[in-house]
Every structure is written in C-alpha cells, then in structure tokens.
Amino acid sequence: MSQQVISYADLSIINNALRSISKDMSGVHSELGSLNFKQDQMESELVKLADSFSDFVEADLKHKALQLAETRQGNLKQDLQIKFGYYAEVRRMATGILQGVDTGVISDDTLRFTTEEVMIKAPGYWLAPALVSLTSWIRNDKSKTEKALNEALKRDDYKTTLFFMMVMRRLTRNEACLKWLERYFMHQNPHNLDREFIIILEAVTTGVFPPASRNLMMVNVKNWLDQLTQGDTFINEQKKQWVNFFVAIGPLSEGKYPLLEKYTTNWNLLEKSLKEAKTHDVINTHFKNIISSSADFSKGIKVQLDEILSLLVTNFDDEELPLQEQVRFNQLIIQMDGDKNAAQAIMDAERHIFNEQIDFLQLLTNASFNPELSGATRVTQALAVSIGQTWILEAYDTFTAQCRNNVPKLVELSIDNFKVPTKDGSDENELLKEQEIFYDQVLETELSKLSFPYGLLIIGTLICFLGFWLFTINPIVGALGLGMGIVIIWNSLNTHKKAKNKIIENITERKQKGKEVLRGCIAETVDYRIEHLFEDNKAEEVRNLISSITPEDFSSVSKETVRNII
C-alpha cells in the first residue's frame, strides 16, 4: 500500500519534470540553431531598408527643390515685371517706332507725344531720350534732337552709340553709320567688352554694315586676338570652361542596368563613365545644330539688321542681370526634375554669360554656349565657334582623355555578400564556380554553428538507465521512464535534423537566387561594355566635325575678308 503511494508520487514528479525539460531544451536548441541565420537575414533587411530610405530622402529632396524652384521662378518673374516691366514697354515702343517710320503711317504728333511720355515714365533709362532724339530727327527738330541725344549719351554713352550706329545703317545713312562705328570702337577694351559687342561682330562679318566698316573691324579684332592669345591665361580659361560645358550637358541616367545599379559597389563610377561616353553624341548634336542653323543666308540685309537691332532694344539690361540669373537657375532646377546639383553644373558652365563685362575670348565662348542668353543669334554662335575652333578642339581632346581615364576597369559585384570583380563578363563560368564554392563555404559555416544536442541525449540516456533501474522495482514505472528517455533522444535528434535541413534549404535557395542574379549582372556587364564602347567611338566623329569648322562656313563675306578678320 505504501509502495504504491510512493510510486504514484514519484512517477508524477518525474513525468512533469521530464516534459518540462524536454520542451525547454527543444526550444533552446531550435533557437540556437537558427539564431545566426536570423541575424544575417536581419542585417540584410536593414541594409535594404537603409538603401530604400536613402532613395526616398533623395527623391523627397528633389521633389521639394522642384516645388520651391517653381514658386521662386514665379516670384522672380513678378519682381522683374514690377522693377523693370516698363523697360520692356519702352523696348516694344522702339521696335514699333522703327517699323512705323518704314510704313509712314505714324504722324509726327503721335511720335512726339508717345516718346515724350516715355521720358517721364522711364527716368534714368537710356532708351527713352534716344527715342525722343530719333523722332525729333525724323521731324527735323534739330534743337530737340541734340538735347535728347546729349541726355541719352549722358545716361548710357555706349548703348546710345550702338543704337544710333545701327539705326543709321538701317536707314542707309552710311557715312553717319561709320562715324557712330568709330565712336563705338572708342569704348572698346578687349579685356572688358560689353555683351552687345558680339552683335556688332555679326553685323560687320555678315555684310550688314557698309563695306568700309570691315577694315575698321579687321584692324581692331585682329589686334585683340593677338593681344589675348600671347599668353596662356585667357586661352586656358576658355579651355577649362569648354571642358566644364561638355561635362554639364551630359544626358540623364536611363536606368537601363537595374541589376548593376543594385549589385555593384562602384555603380556611381560606372554610371558617371557611361554618361560621359554618351555625352559625345550630345556634343555632336550641339555642333551639328549650330552648323545647320547657320548655313542659310538668304535673308536680306535689312531683315538681318532688324533682328540684330531687335536684340539690342529687347535684351535685358545690366541691372536686370542678377534677377535673370536667378530665374535661369530655377528654370534649370525644373528642367532637371529637382536635381539641384545637375542644375548648378549647367549654371556654372553658363555663369560667365551673366557677367556685365568680359574679355573678347569670353564673349565668343558665351555665344558658343548659349547665344540667346548672351544676347546673340545662331549665326553669331556659329561664327564664335569657328573663331574659337582651335581651343574648343583642344578642350574636347582633354574632355575625351578624362572620360577614358575615368572608365572603371572592373565591375565590382556584391551579391548576397559574394564579392567578386569582372572586367567585361567574359569570365562567367569562372565566376559561377567561385560563387558555388562561396555558398558551399557558407553552408559549411552555418552548419558548424548548429550545435549537436549532446545535453539532451545525455539526459535522455540517463532517464533510460533510470527506467531500467526502476523496472526492477516497478515494471510500469520503469517502462514509462524508459519510454520517456527514448522520446527525449528521438525529439532532440529530430529537431536537430529539421534545423539542419532548414539551413540547407535556405542556403540552397540563396544559391539559386544568387546564381540568377550573377548571370543577370554578367549579361548587363556585357551590354554595358558594348554600349560604352559604341558611345566612346563617337568621339572621333565629333572631333572630325569640330576640326572641319571654319569661319568661311558661317559668313556671307568673302573668304579672303574673313581670313583677314580672324
């Protein structure tokens, strides 16, 4: 009776204890077996999360910069309208007066009333008294003509001189035009030329001004070129600007290589190098557009003069330049979809365009970059390119050399911690073998981290021995103890086997995905190298195009005259 009570009590305690131990040890064993795998997986997820967050921040910054640029551009244009809006009205009036004089439909009273009102509404603006002087001259009012002319010269001697020089030529007063041209050259310093000089260069070289003006222009321009090209300072500065210009006009990324973008550690260098290679095509288009838009000289002299004169009276003045520069920068931000760095790169290449006074070589460079912003036409742009052809070609050679020196020799792949370089993807089989070895080592490492359940096996074995011993005392208790020991041993071995199979299954899946990604990266590498070589080969075509440019291609003047000018 007492033995049965004792046996019942002992069996319950042992049974509960063994169950608890088995459950706890099984959980611990499972957690230990997968802990390292979960940690690696978590690190990989954190890296992906960090990359995604970085992309989000960059996209958000671009979006905000785009919105801010749109708002600022509207405000800046409003400021321009408030501060200088009446200047634009005076400019339109100047064009209207010139056209009205041609048709003869405007009365003297209308001319007088309109221009005198302008004097009151546009104080300090040189064009207002210039218009009064012009209309007074048309009405043969010598006294008012001289008074208004003196006032215009007082406000801006240079622009007034330029204005009347072109008006006299437009009205075929050749002798008066030449006198104004002589006065105009008195203002010129090749180290500090006003932006409008490029217009006069165009007018003389394309035959708009009387033939006698060519000799005057030839003497001055030739002396300026000799003076500015004696040293390397000015030429080197132009070369540097042209190199920066070539870099800035490169195309945006097209996202053609998503796997390389995701799995290469040096993607920034690869993307930059491909962009530089593709720039050759953009440069080629740039110069072809200049040539094609400048080859038609069918327009009459009077039409050409009207266009040049229109640029003078409609182009913004020096005091407007700071606001115009800000408008241009925000416009570039909008064009670049909020990428301020790309906008700044273009702005830096164009920054000299907004200088109020520049040297003659810089004037040519500005017209070559963007004739509209520098106050010239496409014809002038072509002429400027032809004059600066020598240093443009040297700058392009420098740009091409830099691009080729910056081409990454290797594509640095990093796929699931498998890091390997490839030059052009031709070593695909070797890389796949290396990846196979890598995952075999990963599997071996992960399996080595999985501890064998020696503790549970020892406990199960001891319980089995205890069951054998209890079997001699009470067969039922002994059988239960023996069975429990066997269950512990079986569970521990089975749990270990499942954990091992899970690791093998996971590594096998990673290996398969890694293999697919590696093959995709190799295929993109091959395509990348082919495209890069194809784009880089266009450099020779661009070089030949620039080398073929001559001043004779862009002027209606005889070749001999152009040679003398240049």
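**Exercise 1. Place the Thr365 side chain.**
Task: which side chain does Thr365 join in a polar contact, and where does Thr365 lie?

Solution.
- Step 1. The side chains of Thr365 and Gln238 are joined by a polar contact of 2.6 Å. A polar contact is a pair of N or O atoms within 3.5 Å; within protein, one must be able to donate a hydrogen and the other to accept it, and residues adjacent in sequence count only if both atoms are side-chain atoms.
- Step 2. Thr365 sits in helix α15, residues 360-369. Helices (H or I, at least four residues) and strands (E, at least two) are DSSP runs, numbered from the N terminus.
- Step 3. The relative accessible area of Thr365 is 1%, so Thr365 is buried. Buried means under 20% relative accessible area, exposed over 50%, and partly exposed in between (1.4 Å probe, protein chains only).
- Step 4. Apart from neighbours within four places in sequence, Thr365 is in contact with Gln238, Gln241, Trp242 and Trp391. Contact means heavy atoms within 4.5 Å.

**Ground rules.**
This is a predicted model: local features need pLDDT of at least 70, side-chain atom pairs count only at pLDDT 80 or more, and totals for chains, interfaces and linings use all residues. Residues are numbered from 1 along each chain as its sequence is written, and side-chain values use heavy atoms, with hydrogens and water left out.

**Exercise 2. Summarise the chain.**
Task: how many helices and strands does the protein chain have?

Solution.
- Step 1. The protein chain has 23 helices and 4 strands.
- Step 2. Of its 566 residues, 45% are buried.
- Step 3. Take the contacts with a separation of 6 or more: 77% of them come from residues 24 or more positions apart.

**Exercise 3. Classify two helix pairs.**
Task: at what angle do α4 and α5 pack, and at what angle do α6 and α8 cross?

Solution.
- Step 1. Two packed helices are described by the angle between their axes and the distance between the axes. Axes are lines fitted to C-alpha atoms, for helices over the stretch in contact, and angles run from 0 to 180 degrees between N-to-C directions.
- Step 2. Helix α4 (residues 142-155) packs on helix α5 (residues 157-170) at about 130°, with the axes 5 Å apart. α4 is therefore oblique to α5. Angles under 35 degrees count as roughly parallel, over 145 as roughly antiparallel, 65 to 115 as roughly perpendicular and the rest as oblique.
- Step 3. On α4, the contact uses Leu149, Ala152, Leu153 and Arg155; on α5, Asp157, Thr160, Thr161 and Phe164. By class, this contact has 4 nonpolar, 2 polar and 2 charged residues. Ala, Val, Leu, Ile, Met, Phe, Trp, Tyr, Cys and Pro count as nonpolar, Asp, Glu, Lys and Arg as charged, and the others, Gly among them, as polar.
- Step 4. Helix α6 (residues 174-186) and helix α8 (residues 212-228) cross at roughly 10°, and their axes come within 10 Å. α6 is therefore roughly parallel to α8.
- Step 5. α6 supplies Leu178, Leu181, Glu182 and Phe185 to the contact; α8 supplies Ala212, Ser213, Leu216, Met217, Asn220 and Trp224. The class count is 7 nonpolar, 2 polar and 1 charged.
- Step 6. Asn223 is also found in α8. Its relative accessibility is 45%, so Asn223 is partly exposed. Its C-alpha lies 9.1 Å from that of Pro190, 33 residues apart along the chain.

**Exercise 4. Assess Lys278.**
Task: is Lys278 buried or exposed, and which residues does Lys278 touch?

Solution.
- Step 1. Lys278 lies in helix α11, residues 267-293.
- Step 2. Lys278 has 13% relative accessibility, so it counts as buried.
- Step 3. Its side chain makes a polar contact of 3.2 Å with the side chain of Glu531.
- Step 4. Not counting residues up to four places away in sequence, Lys278 touches Pro251, Glu254, Lys256, Glu531 and Glu535.

**Exercise 5. Check phi between β3 and β4.**
Task: what is the phi of Asp416, and what is the phi of Asn417?

Solution.
- Step 1. Asp416 is not a glycine, yet has a positive phi of about 55°. Asn417, also a residue other than glycine, has a positive phi near 70°.
- Step 2. Asp416 is in the loop between β3 (411-415) and β4 (418-422). Asn417 is found in the loop between β3 and β4.
- Step 3. Asp416 is partly exposed at 31% relative accessibility. Asn417 is exposed, with a relative accessible area of 57%.
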